[in-house]
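User: I'd like to go through the labels on this model and hear what each one rests on. Please put the value next to the cut-off every time.

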Amino acid sequence: MLICVPQDLRFALKLKCLGLRVCGSSKHTMLKAVILIGGPQKGTRFRPLSFEVPKPLFPVAGVPMIQHHIEACAQVPGMQEILLIGFYQPDEALTQFLEAAQQEFHLPVRYLQEFAPLGTGGGLYHFRDQILAGGPEAFFVLNADVCSDFPLNAMLEAHRRQRPPFLLLGTTANRTQSLNYGCIVENPQTHEVLHYVEKPSTFISDIINCGIYLFSPEALKPLGDVFQRNQQDGQLCLALGEDSPGSWPGAGTIRLEQDVFSALAGQGQIYVHLTEGIWSQIKSAGSALYASRLYLGRYQITHPERLAKHSPGGPRIRGNVYIHPTAKVAPSAVLGPNVSIGKGVTVGEGVRLRESIVLHGATLQEHTCVLHSIVGWGSTVGRWARVEGTPNDPNPNDPRARMDSESLFKDGKLLPAITILGCRVRIPAEVLILNSIVLPHKELSRSFTNQIIL
């Protein structure tokens, strides 16, 4: 006798065999999440830090950037599986991270590698069968390079009220800075998206796209329509002899923002859920430092155990500070506010650290001062040296202000910004490194100001 096992039951049995949790027997209580992590040709503004580790694994507030996303997804009731989509090679660091995340959150966390860069929507369409396996009610889509408090449960409630194919998370920006983002015009009563423009040339709206979405399974149909249209355009290009590289990006390349949101706005398919919580993009090292500050502040509510406490015989802690358990910090050091100290770091006597990230294995010798800087993996800062940057934070007097889109140069001059030391950089004693970027494996012999040291 032939027994047919439903697809969602087969999926549940597979998860149970792997020792992972199964949430809910009905397909209407099952959810998934997709995190779009991009690839190595993305994140060029993150160099030299992205030379050593894929940008999504860069530590922000003590944990890899995308761990914040996974933690938020794992807390949503009914979450069944988390998928990472990108075109990084699955190296040892990524593999170890996935294994550790799976063990910590008792959820399947899998990486799906694109065969080529497919844009923000192409990977979703290409891996649609894996996303829809088991029959999820809906699935979250999160860009890896955002910092947020991820109000996913509130988005789920909003989605269940109207069940649109697309629900976008939105926040506000001031008129000038809104031009750097996808801008949303909404119906204030129903919250339907009436108009969507990605990085407009003139002011459209102060509501901007956060890069965090909740899609129904039927949202994949418009992506399929774009794919079919791209295929037809490709055949036309070939027929016209326009087959030179770069003349056509490929049928699989789908831009969610321009190809889907802009096209479907005003047709009752896209809605927006507004948040007043923390949110910032993480496009550069400077924005990673700002995101670290936001997450450290949020640890007061979500992970108080991650924040260092002042204790007798320990270093002086000011404000929010994360110290990895394996780091060695001298009792006369003064840390904070907004400092993150990584695995195996050594902090000597009399060191002053403020608004900075110190990465795995770095050494800060006695009486160094590090302000508004990122100290790379295995780097050493000599005694009495000063490493200092200039913050590019949002205007504190404007509640709608966001991080400015950072440009390294203006009128041929390097703009003041945070100081970045690449991996295994050696800074000698008693020098000043100010507003500079030092590429990996450099051994400096003197002070530098406003320079990129190649």
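Analyst: Let's start inside. The lining of the largest cavity splits into five nonpolar, four polar and four charged residues. Ala, Val, Leu, Ile, Met, Phe, Trp, Tyr, Cys and Pro go in the nonpolar bin, Asp, Glu, Lys and Arg in the charged one, and the others, Gly among them, in the polar one. A note on the ground rules: this is a predicted model, where local features need pLDDT of at least 70 and side-chain atom pairs count only at pLDDT 80 or more, while totals for chains, interfaces and linings use all residues. Residues are numbered from 1 along each chain as its sequence is written, and side-chain values use heavy atoms, with hydrogens and water left out.

User: What makes that space a cavity, and how much space lies in it?

Analyst: On a 1 Å grid over the protein atoms alone, a cavity is a set of points where a 1.4 Å probe fits but cannot get out, whereas a pocket is an open set with protein on both sides within 12 Å along at least five of seven lines. Points are joined across faces, edges and corners, and the volume is the space filled by probe spheres set on them. The structure has one cavity of 30 Å³ or more, and the largest cavity holds about 80 Å³. It is lined by 13 residues, of which Gly286, Leu289, Tyr290, Pro391 and Asp393 are the closest to its centre. A lining residue has an atom within 4 Å of a point.

User: Why roll a probe at all?

Analyst: Because a probe the size of a water molecule, rolled over the atoms, shows where empty space is left.

User: What about the second largest pocket: what is its volume, and which element gives the most to its lining?

Analyst: Its volume is about 920 Å³. There are 31 lining residues, and Leu57, Pro59, Pro64, Lys343 and His360 are the closest to the centre. The elements giving two or more residues are β3 (63-64), α3 (92-105), β18 (339-341) and β21 (356-358). The top contributor is α3, with seven residues. In the same bins as before, this lining has 17 nonpolar, seven polar and seven charged residues.

User: How do you know that cysteine 423 is buried?

Analyst: Buried means under 20% relative accessible area, exposed means over 50%, and partly exposed is in between (1.4 Å probe, protein chains only). Cysteine 423 has 1%, so it is buried. Cysteine 369 has 14% and therefore counts as buried too. Of the chain's 454 residues, 52% fall in the buried class.

User: How many disulfides does the rule give?

Analyst: The count is zero disulfides. A disulfide is a pair of cysteine sulfur atoms within 2.5 Å.

User: Why is strand β4 called largely enclosed?

Analyst: Eight of the eight residues of β4 (residues 79-86) are buried, so the rest of the structure largely encloses this strand. Strand β1 (residues 31-38) runs parallel to β4, joined by seven bridges, and strand β5 (residues 109-113) runs parallel to β4 over five. Both clear the bar, because two strands pair if DSSP finds at least two bridges between them. Leucine 84 is the bridge partner of isoleucine 35 and, in β5, of tyrosine 111.

User: And what makes β11 mostly covered?

Analyst: In β11 (residues 207-215), nine of nine residues are buried. Its antiparallel pairings include strand β6 (residues 138-143), over four bridges, and strand β8 (residues 166-172), over six. Strand β9 (residues 182-186) also pairs with β11 in the antiparallel sense, over two bridges. For β6, phenylalanine 139 has phenylalanine 215 as its partner; for β8, leucine 168 has tyrosine 213; for β9, cysteine 183 has isoleucine 208.

User: Which strands stand at the edges of the seven-stranded open sheet?

Analyst: The order is β15-β18-β21-β24-β29-β32-β34, with parallel pairing. The edges are β15 (321-323) and β34 (452-453): each has a single partner strand, so one side of each is left without a neighbour in the sheet. Inside that order, β29 (residues 419-421) pairs with β32 (residues 437-438) in the parallel sense over two bridges, and leucine 421 stands opposite valine 438.

User: Last one: how many helices and strands are there in the chain?

Analyst: Nine helices and 34 strands. They are DSSP runs numbered from the N terminus: H or I over at least four residues for a helix, E over at least two for a strand.
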